[in-house]
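Reader: Hi! I'm new to reading protein models, and I'd love a close look at one part of this one. Could you walk me through it slowly?

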Amino acid sequence: NFYNEGNMQEAFKYYEKYLQLNPKSAKASYKLALISQDNGDYVKAIYYYEKYLTLDPNSSDKEIIIKWIEASKKSFDSHMTNNCELAEMNFQLSSMF
């Protein structure tokens, strides 16, 4: 199993293909969320966690996943706001010369 061996890139491909063939697989959605989270791809992680919760609404991890999603969305929003502010400052600085 690629996931247990730590080969996240191959594990992601495997679970992505598995999910294509079995679109109602909560486990594949969960694994894709974990891999995405580990890789720092929070947009994909949120997507797959939300899909997982849709497929398994009674998950024992539901509350912690919801908290993680909410915190990640806030962090992402903050990051995007900061990036927009930096881009604006860079533009202003570049137009000075």
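Is E50 buried, exposed or partly exposed, and what is its relative accessibility? Please tell me about its surroundings too.

Author: Happy to! Keep in mind that this is a predicted model. E50 has a relative accessibility of 33%. Buried would mean under 20% and exposed over 50%, with partly exposed in between, so E50 counts as partly exposed.

Now for its partner. The side chain of E50 meets that of K73 in a salt bridge, with 3.0 Å from N to O. This pair links distant parts of the chain: E50 sits in helix α4 (residues 42-55), while K73 belongs to helix α5 (residues 62-95), and the two are 23 residues apart. K73 is partly exposed as well, because its relative accessible area is 39%.

The structure holds 2 salt bridges, and it helps to set the other beside this one. There, the side chains of E10 and K13 meet, at 3.5 Å from N to O. Both of these residues lie in helix α2 (residues 8-21), 3 residues apart, which is about one turn of the helix. E10 has a relative accessible area of 28%, so it is partly exposed. K13, with 45%, is partly exposed too.

To recap the two pairs: E50 and K73 link distant parts of the chain, in helices α4 and α5, whereas E10 and K13 both lie in helix α2. When you look at the model, try finding E50 and following its side chain across to K73.

How values were computed:
Residues are numbered from 1 along each chain as its sequence is written. This is a predicted model: local features need pLDDT of at least 70, side-chain atom pairs count only at pLDDT 80 or more; totals for chains, interfaces and linings use all residues. Side-chain values use heavy atoms; hydrogens and water are left out. A salt bridge is a side-chain nitrogen of Lys or Arg within 4 Å of a carboxyl oxygen of Asp or Glu. Helices (H or I, at least four residues) and strands (E, at least two) are DSSP runs, numbered from the N terminus. Buried means under 20% relative accessible area, exposed over 50%, partly exposed in between (1.4 Å probe, protein chains only).
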